[in-house]
Amino acid sequence: MDYWFYNEALKIVFPLLDGKDLASCLLVCRQWRDIASDDYIWKLICTQKWPSIARKPPSGTTYHRLFTTFSKPPLQLPLPLSCLSFNDLVFYIDLWSDETLIFSNAISASVLLVGLKIIPEGISDVLRSHLESTDCKMLLQVEPKITIPQGVTVTASVLVARTDTDKMACIMHKSMFDYIDLTTSRAMSYDYLNFSPGHPFVSDIRAWVSLLILTKGRIGMDMDMFGLEIDFCDAVNSENEILWLLDMLDWK
């Protein structure tokens, strides 16, 4: 008789628990497991979480399985290593002031990863902290520094080539530096990446080029550019993520 009352008490208490606690009850003992395995109890829990499930219960599964499958956060699997290498990439960078070419260079991506050889004085603390961090960055030192007069329109074009396939892709075409952030000592430009037709659902990811400048106090004065940075911070940050992103471009 006591055993029967004990079972009935558990049948009253278990539906009041949340799914996580009920799952723990399955591990206490055989008696608790037998009662906590009742799919009717799991139905009560599932209908609290997804009320519409009671209108047309799914076939081919149990409420217990439904809860354990969809109530937990998705497992974040590590991204496999990309088949692309930074050693296979060359970036072609051209900067224009109005219609005058002020900077032009072809640089290996592996060199960009090395970063700046010298971090100059006269930059903001925010930029210095960024440059000194160990985060993945694609940076190029500009030597000698380039002075950009106030009032001119500066644009950037960037192509990237793959030495493993002899193909090229466009990163940025004549994009204007229309935003200057003195807090981070940079002028910024962006363009949207073009992806291969094999990735039709990948879109609206921007490539950024930042001119790293010496802070002179206010917007409207000439800018001394000592470096530049290429990044894809809208979507990726690590070296492997960058390689996966670049591999999906519309290579021609």
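Me: Buried means a relative accessible area under 20%, exposed means over 50%, and partly exposed is in between. Which residues of helix 8 are buried?

Reply: Keeping in mind that this is a predicted model, the buried residues of helix 8, which spans residues 239-247, are N240, I242, L243, L245 and L246.

Me: And what covers them?

Reply: The cover over the buried residues of helix 8 includes strand 1 (89-97), strand 3 (138-148) and strand 5.

Me: Which sheet is strand 5 in, and in what order do the strands come?

Reply: Strand 5 belongs to an open sheet of four strands, which are arranged in the order 2-1-4-5 with antiparallel pairing. Its edge strands are strand 2 (100-108) and strand 5 (167-176), each of which pairs on one side only. If you ignore direction, neighbouring strands of this sheet are turned against each other by 10° on average.

Me: How many bridges join strand 4 to strand 5?

Reply: Strand 4, residues 154-162, is joined to strand 5 by seven bridges, and the two run antiparallel. As one example to look up in the structure, V160 has A169 in strand 5 as its bridge partner.

Me: What about strand 3, which sheet is that in?

Reply: Strand 3 is part of an open sheet of five strands in the order 3-9-8-7-6, where the pairing is antiparallel.

Me: Why is one side of strand 3 left without a neighbour in the sheet?

Reply: Strand 3 stands at an edge, as does strand 6 (179-181), and each has a single partner strand, so one side of each has no neighbour in the sheet. Further in, strand 8 and strand 9 (residues 223-231) run antiparallel and are joined by seven bridges. Across this sheet, neighbouring strands are turned by 25° against each other on average, again with direction ignored.

Me: Which helix lies across strand 9?

Reply: That is helix 7, which lies across strand 3, strand 7, strand 8 and strand 9, and which runs at about 45° to strand 9.

Me: Where is I123, and is it buried or exposed?

Reply: I123 is found in the loop between helix 6 (109-114) and helix 7 (125-132). With a relative accessibility of 10%, I123 counts as buried. I123 is also 60 residues from T183 in sequence, while the C-alpha atoms of the two are 9.2 Å apart in space.

Me: New topic: how many aromatic pairs are there?

Reply: Searching the whole structure gives three aromatic pairs. One of them is W42 with F67, which is tilted, with 5.5 Å centre to centre and 45° between the planes. This pair links distant parts of the chain, since W42 sits in helix 4 (residues 39-49) and F67 in helix 5 (residues 63-70), 25 residues apart.

Me: Are W42 and F67 buried or exposed?

Reply: W42 has a relative accessible area of 0%, so W42 is buried. F67 is at 12% relative accessibility, so F67 counts as buried.

Me: What kind of pair do Y190 and W208 form?

Reply: Y190 and W208 also form a tilted aromatic pair, with 5.0 Å centre to centre and 45° between the planes. Y190 lies in strand 7 (residues 186-192) and W208 in strand 8 (residues 206-214), so their pair ties together parts that are 18 residues apart in sequence. Y190 is partly exposed at 35% relative accessible area, whereas W208 is buried at 13%.

Me: What else involves W208?

Reply: W208 forms one aromatic cluster together with Y190 and Y192, and the bridge partner of W208 in strand 9 is D231.

Me: Which charged end sits over the ring of Y190?

Reply: The charged end of R206 sits over that ring, 4.9 Å from the centre. Elsewhere, K174 lies over the face of W96, with 4.0 Å to the ring centre.

Me: Last one: how many disulfides does the structure hold?

Reply: The structure holds zero disulfides. C83 is in none, as the nearest cysteine sulfur, that of C136, is 17 Å away, and C83 is exposed with a relative accessible area of 67%. C233 is in no disulfide either, and its nearest cysteine sulfur, that of C136, is 12 Å away. C233 has a relative accessible area of 44%, so C233 is partly exposed.

Note on methods
Residues are numbered from 1 along each chain as its sequence is written. This is a predicted model: local features need pLDDT of at least 70, side-chain atom pairs count only at pLDDT 80 or more; totals for chains, interfaces and linings use all residues. Side-chain values use heavy atoms; hydrogens and water are left out. Rings of Phe, Tyr and Trp (its six-membered ring) pair if their centres lie within 6.5 Å; planes under 30 degrees apart count as stacked, over 60 as edge-to-face and the rest as tilted. Buried means under 20% relative accessible area, exposed over 50%, partly exposed in between (1.4 Å probe, protein chains only). A charge sits over a ring if NZ of Lys or CZ of Arg is within 6 Å of the ring centre and within 35 degrees of the ring normal. A disulfide is a pair of cysteine sulfur atoms within 2.5 Å. Two strands pair if DSSP finds at least two bridges between them. Axes are lines fitted to C-alpha atoms, for helices over the stretch in contact, and angles run from 0 to 180 degrees between N-to-C directions. Contact means heavy atoms within 4.5 Å.
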